[in-house]
Amino acid sequence: MNASDAGPPAGPGDELTAVAPQLRALRRRAGLTLEAAARAAGLSPAHLSRLETGRRQPSLPMLLALARIYGTTVSELLGETVADRDAIVRAGDMEPTRAGGWTYFQAGAPGRAMHALRVRVPYGSQGDIVRVHPGEEWLYVLRGRLRLRLGDTAHLLGPGDSAHFDSLTPHRLAAEDHDGVELLFVHTLLQSPTATLCLGPLTRELP
């Protein structure tokens with residue numbers, strides 16, 4: 001059995017057992033056999049079959065892998081639905097949210113697989129925080145200069161520069177200049193409250 005096959009058996013009260021029919025339906029929608037999907041996800045066919053019949057509870061890494069293979073989101077795997085959303089977000093509707101010294105403006109519809117934000121990063125704010133989480137990130141510098149560290153490599157980005165990277169790469173962002181930096185920021189984070197509980201803390205301090 002693969003190491004990734006590990007996972008708790010599903011009990012009658014487990015909420016994630018409801019994901020079983022969805023897993024099967026999305027695999028079939030992707031045109032994959034049980035064997036092909038299991039091989040791509042690093043699972044045994046028997047284990048994937050147990051997931052699809054509700055006899056085994058999927059772990060977060062399994063859900064991430066299957067979502068990528070099936071070309072969908074963890075939210076859809078969990079059977080979560082979101083009400084219809086407007087395609088257009090007007091500038092006047094972008095209410096600022098402040099957290100940790102940063103200011104965020106919602107630039108896309110909530111509940112999507114991609115999350116679009118306009119972000120203002122003041123000088124000296126959160127520059128010592130390393131972030132590691134599932135998904136991808138794309139950012140574009142609108143104003144100012146950004147110090148971006150990806151793994152062991154440091155980059156200095158100016159207006160018009162962009163970066164696109166796997167969010168599992170340890171990364172940190174900081175304004176280079178005292179006037180701060182403004183970014184257009186798109187990321188693919190898990191939209192499920194269940195997944196949020198599984199992830200735990202997403203930040204740590206550098207040694």
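**Entry 1: the sheet**

In what order do the six strands of the open sheet lie, and is their pairing parallel or antiparallel? I looked this up in a predicted model. I read the order as β1-β2-β3-β10-β5-β8, and the pairing is antiparallel. I then checked the ends of the sheet. Strands β1 (96–99) and β8 (162–166) are its edge strands, each of them paired on one side only. For the twist I noted an average of 25 degrees between neighbouring strands, direction ignored.

**Entry 2: β5 against β10**

I picked one pair from this sheet for a closer look. Strand β5 covers residues 136–143 and strand β10 covers residues 181–187. The two run antiparallel, and I found six bridges joining them. Which residue of β10 is the bridge partner of R143? I traced R143 to E182.

**Entry 3: α2 against α3**

Next I turned to the helices. Helix α2 spans residues 34–41 and helix α3 spans residues 45–52. Their axes are 8 Å apart, and I noted a packing angle of about 105 degrees. The range for roughly perpendicular is 65 to 115 degrees, so I logged α2 as roughly perpendicular to α3. On the α2 side I listed L34, E35, A37 and A38; these meet P45, L48, S49 and E52 of α3. Sorted by class, this contact has five nonpolar residues, one polar and two charged.

**Entry 4: α1 against α3**

How closely do the axes of helix α1 and α3 approach, and at what angle do they cross? For α1 (residues 20–29) I found that its axis and that of α3 come within 7 Å, crossing at roughly 120 degrees. I therefore logged α1 as oblique to α3. From α1, the contact takes A20, P21, L23, R24 and R27. From α3, it takes L48, L51 and E52. I counted five nonpolar residues, three charged and no polar ones in the contact of α1 with α3. L48 and E52 of α3 had already come up in the contact with α2.

**Entry 5: Q126**

Last, I looked at a backbone angle. Most residues other than glycine have a negative phi. Q126 is not a glycine, yet I read a positive phi of about 65 degrees for it. Where does Q126 sit? I placed Q126 in the loop between β3 (115–121) and β4 (129–131). Is Q126 buried or exposed? Its relative accessible area is 14%. The cut-off for buried is under 20%, so I entered Q126 as buried.

How values were computed:
Residues numbered from 1 in each chain as written. Predicted model: local features only at pLDDT ≥ 70, side-chain atom pairs only at ≥ 80, totals over all residues. Heavy atoms only, no water. Axes fitted to C-alpha atoms, helices over the stretch in contact; angles between N-to-C directions. Helix = DSSP H or I, 4+ residues; strand = E, 2+ residues; numbered from the N terminus. Parallel < 35°, antiparallel > 145°, perpendicular 65-115°, else oblique. Contact = heavy atoms within 4.5 Å. Nonpolar A, V, L, I, M, F, W, Y, C, P; charged D, E, K, R; others polar. Pairing = 2+ DSSP bridges. Buried < 20%, exposed > 50% of the residue type's maximum accessible area, 1.4 Å probe, protein only.
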